[in-house]
Amino acid sequence: MIKHPDIDPVAVSIGPLQVRWYGLMYLAGFCAGWLLGRKRAAKPESGWTSVMVDDCITWCVLGLVLGARLGYVLFYDLPSYLADPLSVFQVWHGGMSFHGGLVGLCVVVWLFGRKHGKGFFEVADFLCPLAPPGLFFGRIGNFINGELWGAPTTLPWGVVFPDPRAGGMPRHPSQLYEAGLEGVVLFCALWWYSSKPRPSGAVSGLFLVLYGLFRFLMEFIREPDPQLGYLAWGWLTMGQILCLPMLAFGAFLIWRANARCARAPK
């Protein structure tokens, strides 16, 4: 059994100004994606410039934050936000949805592609390998906040979280599991796979399939959001339901990319 370090969510406080660890994790994720994007754009055959990467990451920040917040409000806790609309802006308390952020990023990818004369998947395939570091830091932020913990466990690395709602019992540190799978493993797979030319949509498809699979499996040992609980058939969570179309569409993209590659003249 391990006791959660109960880290103060405020990293730096200067008078009324508070800088929270959760926000710093988002900043770290965007910085990592920007640096990786510039590294990839530096290759002669990339079709990207450093200025284009700077522009795209700036758009992504806006699309991700807005989409993630609105996605959480709509998918996970709409009644609470309808009762207190101003709480929508209190992002420092957490409450960001990956699936909402993904929708926001898709809008950004489409707009950015139109501006720069690039196809949707040309932009998406470039961005997907840059995303896992942000997922990694986001899950670390969840752990620091002591939120989104896992189910009770008797394993020796079970963590006792300080939030009274955790019941004072050892729980799976599911945030760290997800940081490892969605951050480290996903990054290694996508960075390796995209290091060579791939058919259009293949990298995006692999991202959707792997993230959807990792998230779907992790939800089995992660406590569901208390305001929702288990939904379909009494064992599927909202996160798992939202992952199903990701898995299906990702598999379709991979199939389509391979089919087009097989039909191409040799």
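1. How many bridges join strand β2 to strand β3, and do the two run parallel or antiparallel? Four bridges do the joining, and the strands run antiparallel. Strand β2 covers residues 10–14, while β3 covers residues 17–20. One pairing to look for on screen is Val10, whose bridge partner in β3 is Arg20. The hairpin of β2 and β3 has two residues between the strands, and there Gly15 takes a positive phi near 60°. Keep in mind throughout that this is a predicted model.

2. Now for the overall layout. The protein chain has nine helices and four strands. Starting at the N terminus, you pass through β-β-β, then a run of α-α-α-α-α-α, then β, and finally α-α-α. So if you trace the chain with the elements coloured, that is the order to expect: β-β-β-α-α-α-α-α-α-β-α-α-α.

3. On overall dimensions, the radius of gyration is 19 Å, which agrees with the value near 18 Å for a compact globule of 266 residues. Along the principal axes, the C-alpha atoms fill a box of roughly 60 × 45 × 40 Å. Of the 266 residues, 46% count as buried. Looking at contacts with a separation of 6 or more, 68% come from residues 24 or more positions apart.

4. A word on the surface and the charges. The accessible surface comes to about 13,800 Å², and 72% of that belongs to carbon and sulfur atoms. The protein chain carries 21 positive and 16 negative side chains. The centres of those two sets lie 12 Å apart.

5. Helix α5 is a good one to click on next. It spans residues 120–127 and is mostly covered, with six of its eight residues buried. Those buried residues are Phe121, Val123, Ala124, Asp125, Phe126 and Leu127. Who covers them? The buried residues of α5 pack against helices α1 (21–41), α2 (50–76), α4 (98–116), α8 (202–218) and α9.

6. Two of those helices, α4 and α9, come up again through a pair of touching residues. His99 sits in α4, and Gly239 sits in α9, which covers residues 238–263. His99 is buried because its relative accessible area is 6%, under the 20% cut-off. Gly239 is buried too, at 2%. Leaving out residues up to four places away in sequence, His99 touches Tyr76, Arg215, Gly239, Leu242, Cys243 and Met246. With the same neighbours left out, Gly239 touches Tyr76, His99, Arg215 and Glu219. Tyr76 and Arg215 therefore appear on both lists, for His99 and for Gly239. For a sense of distance, the C-alpha atoms of Gly239 and Leu105 are separated by 18 Å, with their positions 134 residues apart along the chain.

7. One last residue: is Ser174 buried or exposed? Ser174 is buried, with a relative accessible area of 0%. Its place is in helix α7, which takes in residues 174–193. Setting aside neighbours within four places in sequence, Ser174 is in contact with Leu148, Trp149, Gly150, Ile221 and Arg222.

How values were computed:
Residues numbered from 1 in each chain as written. Predicted model: local features only at pLDDT ≥ 70, side-chain atom pairs only at ≥ 80, totals over all residues. Heavy atoms only, no water. Rg over C-alpha atoms; globule rule 2.2 N^0.38 Å. Buried < 20%, exposed > 50% of the residue type's maximum accessible area, 1.4 Å probe, protein only. Contact = heavy atoms within 4.5 Å. Areas by Shrake-Rupley, 256 points an atom, 1.4 Å probe, with all protein chains shown as cover. Lys, Arg positive; Asp, Glu negative; His and termini not counted. Charge placed at Lys NZ, Arg CZ, Asp CG, Glu CD. Pairing = 2+ DSSP bridges.
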